Amino acid sequence: MSNILSDFGIDSRHCFIAGAWGPTASGETLPAEDPSSGETMGEIARGAATDIDRAVAAARTALQGEWGRMTATERGRVLVRIGQLVLEQVDQLAELEARDVGKPLSQARADAVALARYMEFYGGAADKVHGETIPFNAGYTVYTLREPHGVTGHIVPWNYPMQIIGRSVGAALAMGNAAVLKPAEEASLTALVFTEIARQAGLPEGALNTVPGLGEEAGAALSEHSGVNHLSFTGSVPVGSMIQAAAAKNVVPVTLELGGKSPQVVFEDADLDKALPFLVRAGVQNAGQTCSASSRLLIQRGLYDRLLERLAESYRGLKVGPAIADLNVGPLISGSQKKIVTGFLDLARQDGLQIAAQGEISAEAPAGGHYVAPTLIAGLAPDHKLAQDEIFGPVQVVLPFEDEEEAVAIANGTDYGLVAGVWSKDGDRQMRMARKLHCGQVFLNNYGAAGGAELPFGGVGKSGHGREKGFEALYGFSSLKTVAAHHG
Ligand code: NAD
């Protein structure tokens, strides 16, 4: 048991630095677990500070070399080629991600397609970001230049490795930065294959360096490194806060995406047939381990009993099983994540909350897998822990409200603010709600807009700050220089 990536022509125990695959300085490895069975599939590298040092140095060198000399158009072409190669291997990437993360195969496939889409989008956008001329005093010509930050550090979680790599590394490379990528120890495999694909597509040496390892070792070394000029982090609030402190020490910009407790607000005039699949899917997709999961469903009082019954019916039809079986819901990523989620369910029972319905764990789910039945919970106050904390599991809470004012108060009543959905046919109300909701994205009569690489994404409050996706990410991954020429 060791190398799990021989089908892709690489060794899963290696990291990628300065255009070459090789072992870490220590040669140490970490186990890669299949969450569907709990079994160890093989090993990945356990990178540490020395490897991060080498990776940052390689990225710095790349900025002075072939990569740094490329025009924006040439960078764009490389990214588009990466996207094409990803599309050619979508099925292989999907199967690998399904095994590594435990997400149902079709969801993993959608992530692989999204990765390709990010490469196409940022490849196409690379030469379309430009400065401006600014009218100024007589005798001056003033213009702005958008320049790369330099070396960018990307610390990525395990829940959507391909999508998060696509949106953050894609945008950073498009702007001419050189990247160091630290995937999550729980799920590094598609990051490694993506890196190999980028190499095959002709990405110059040092432009992307990938070092798997533990958060407190490789992750901390990357976030604290004085040679890194920008940090992008997606993950938990406590670690995000540490990353921001490390960035502050080195005085570098940081983008934080830290999850949420995102509501969908359903008014009495909503189209329920349209809303229902979104309401449930947004809570249980990827077993609820989604930063933008809709874990709170706010229902207007006159609709409450009727909709709760329809939601319960949907929940009773949810099937849970191994990723490869491609049922509605897969396992959680790990035993420790399962413990966190079942802890919340124990608290719900202890506090006498209403377990409105649960999905079913299929008989084919191996005993060692980290399965939790999707659970719909009602009968709780908006300030209950289950209605406030990010559970990161397939658990949704249902909260009634009287009117628009109360809906806004409940929706905005957590520390988070990532996304929100509003279901109503009243156009004026849609506009008012979109303004009043405290978050980074609002969806009117839909939820998630099918991912949307084009759509800026990020949070307010404890959901983080900075924007990834869309053109906003290109501004975030670049620095603006103003040039003022006095020519009389
Ligand atoms: P985490 O924040 O610990 O890990 C995310 C990434 O940060 C991983 O690559 C990890 O190796 C790295 N990391 C961990 N400690 C680090 C450190 N000291 N310095 C630098 N990097 C470090 O998240 P987790 O432990 O995998 O999950 C715990 C909780 O975080 C979940 O229950 C969930 O609430 C939340 N989470 C949110 C998202 C999201 O998309 N917003 C993703 C994953 C986890």
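This passage describes the domain arrangement, the interface between the domains and the ligand surroundings in a predicted model.

The domain assignment divides the protein into domain 1, spanning residues 3-258, and domain 2, spanning residues 263-451. Taken over C-alpha atoms, the centres of domain 1 and domain 2 are separated by 31 Å. To the contact between them, domain 1 contributes 23 residues and domain 2 contributes 27 residues.

The size of an interface is often expressed as the accessible area that is lost when the parts come together. Between domain 1 and domain 2, the buried area amounts to about 1900 Å², and carbon and sulfur atoms account for 56% of this area. Within domain 1, the residues that lose the most area to domain 2 are Ser36, Trp158 and Tyr160; together these three residues make up 27% of what the domain 1 side buries.

With regard to specific interactions, zero salt bridges are counted between domain 1 and domain 2. Polar contacts, by comparison, link 13 residue pairs across the interface, with both residues of each pair at pLDDT 80 or more. On the side of domain 1 that touches domain 2, the elements giving two or more residues are helix H4 (90-101) and helix H5 (105-125). Helix H4 gives the most, with five residues. By residue class, this side of domain 1 comprises nine nonpolar, seven polar and seven charged residues.

The ligand is surrounded by 27 residues, of which Val156, Trp158, Lys182, Glu185 and Ser236 come nearest. Trp158 thus appears in both settings, being listed among the residues of domain 1 that lose the most area to domain 2 and among those that come nearest to the ligand. Polar atoms of the protein also approach oxygen atoms of the ligand. In the side chain of Lys182, an N or O atom is 2.7 Å from a ligand oxygen atom, and a polar side-chain atom of Ser236 likewise lies 2.7 Å from an oxygen atom of the ligand. Gly215 contributes through its backbone, a polar atom of which is 3.3 Å from a ligand oxygen atom.

Conventions: Residues numbered from 1 in each chain as written. Predicted model: local features only at pLDDT ≥ 70, side-chain atom pairs only at ≥ 80, totals over all residues. Heavy atoms only, no water. Domains from an automatic or database assignment. Contact = heavy atoms within 4.5 Å. Buried area = accessible area lost by both parts, 1.4 Å probe. Salt bridge = Lys/Arg side-chain N within 4 Å of Asp/Glu carboxyl O. Polar contact = N/O pair within 3.5 Å; in protein donor to acceptor, adjacent residues only side chain to side chain. Helix = DSSP H or I, 4+ residues; strand = E, 2+ residues; numbered from the N terminus. Nonpolar A, V, L, I, M, F, W, Y, C, P; charged D, E, K, R; others polar. Near = heavy atom within 4 Å.
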